[in-house]
Amino acid sequence: MKLDDYDKEEQFAASVVSSTRMTEERSDAEIREIVLEIDRDMAYAPGQSIGIPIPGPHPQGHDVHFRLYSVADTAPSEPGDKPRLTIAVRRVNYIDEYSGERYDGIASNYLCDLKPGDTITITGPYGYAFEIPEDKTANLLLIGMGTGIAPFRAFVKHLYRDAPDWQGKLRLFFGAHTGLEHVYMNDRRDDFALYYDRETFEAFKAVSPRPGWSDPIAWDYCLEERSEEILEMLDDPKTHVYLAGLEEVRDELDKVFANLMGSTEKWQRRRAELAAGGRWAELLY
Ligand SMILES: Cc1cc2nc3c(=O)[nH]c(=O)nc-3n(C[C@H](O)[C@H](O)[C@H](O)COP(=O)(O)OP(=O)(O)OC[C@H]3O[C@@H](n4cnc5c(N)ncnc54)[C@H](O)[C@@H]3O)c2cc1C
């Protein structure tokens, strides 16, 4: 769906509770965790996104600049509390190929520059929630990249909170271009550490083989190293696959999984089965 087609009629006022840099200072990538308090009830779930309409005029001549950000946390609030929503935003800059000038992405810079107490407008939520399968023995394969980890953080938390006796395997594969981009899983903070002692949970990090280069993430090593278990999971009719992050994740995974399964046809067939059975969910951008 095109961004112009999203329904932006219902708008909510949200005030900034906090804005914290999640990537290390020495990392070029600035990703911030922004906690918002919404003025009234808004029901949202992991896997969904909210909209940020920024009134213009903007340099490209458009009146409203509208972008989407995934729900990164869904803390339950006490009755009477205003709902709180967390997003993880990467500050985006572009170097123009011809002029060499640097341009700042409008929405991401607007959000990353917010200070506690500032008020913004949000819309949504949009998209399908990442559903938790009813069968507690189902296996979940979560694969994300960059800020694509954000919906998984919300999802894993939601899952172990609502289904503490989850029995199926939960495997999280998360890629970044450098170790410094590992939001939620770096030296300073590890939001998934809470789940490491659960027998069902394992998380794996993949980084680019040449940090600083825009090479694809080393999915192949990370996934191939665990190929036996992944193939077993993909063969199991109870396995659900979730993808999140930049669209390139899907193409990279297609290659890796085609390789793991022995041919592109085999993987395409399996992917179609997963999708047809409602066992394939993606939040890609
Ligand atoms: C469903 C969904 C969920 C998302 N979730 C997240 C999330 O959780 N976290 C997150 O950080 N992002 C997320 N995004 C991405 C986010 O919506 C924005 O696209 C991103 O932040 C960039 O927006 P911006 O306004 O900062 O940049 P923009 O101002 O829109 O600039 C980005 C675009 O304009 C082009 N551009 C801009 N300036 C130039 C220039 N000078 N020369 C050439 N090209 C230029 C770029 O090619 C690029 O396509 C999500 C997107 C979708 C669709």
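Here is a short tour of the model, from the domains to one sheet and then to the ligand.

Before you click anything: this is a predicted model, so local features need pLDDT of at least 70 and side-chain atom pairs count only at pLDDT 80 or more, while totals for chains, interfaces and linings use all residues. Residue numbers start from 1 along each chain as its sequence is written.

**Stop 1: the two domains**

Select 8-126 and colour it as domain 1, then give 139-284 another colour as domain 2; these bounds come from an automatic or database domain assignment. Their C-alpha centres lie 24 Å apart. Where they touch, 16 residues of domain 1 are in contact with 15 residues of domain 2 (contact means C-beta atoms, placed from the backbone, within 7 Å). The domain 1 side of that interface has seven nonpolar, five polar and four charged residues. For these classes, Ala, Val, Leu, Ile, Met, Phe, Trp, Tyr, Cys and Pro count as nonpolar, Asp, Glu, Lys and Arg as charged, and the others, Gly among them, as polar.

**Stop 2: the six-stranded sheet**

Now switch to cartoon and find the open, antiparallel sheet with strand order S4-S3-S8-S1-S2-S5. Strands (E, at least two residues) and helices (H or I, at least four) are DSSP runs numbered from the N terminus, and two strands pair if DSSP finds at least two bridges between them. S4 and S5 are the edge strands with a single partner each, so one side of each has no neighbour in the sheet. Neighbouring strands here are turned by 40° against each other on average, direction ignored (axes are lines fitted to C-alpha atoms, and angles run from 0 to 180 degrees between N-to-C directions).

Zoom in on S1 (11-21) and S8 (119-126): they run antiparallel and are joined by five bridges. Pick Ala13 and you'll find Thr121 of S8 opposite; Phe12 faces Ile122 in S8. S8 also pairs with S3 (49-55), antiparallel again, over two bridges, and Ser49 has Tyr126 of S8 as its bridge partner.

**Stop 3: the ligand**

Which residues are closest to the ligand? Show Tyr103, Gly105, Ala107, Ser108 and Tyr285, the closest of 23 surrounding residues (a residue is near if its C-beta atom, placed from the backbone, lies within 6 Å). By class, this shell has 13 nonpolar, seven polar and three charged residues.

Next, highlight S4 (64-70), S5 (84-90) and helix H1 (106-112), each of which supplies at least two shell residues. S4 gives the largest share, five residues. Finally, bring back the domain colours: both domains give residues to the shell, so the ligand lies between them.

Notes:
Two residues are in contact if their C-beta atoms, placed from the backbone, lie within 7 Å.
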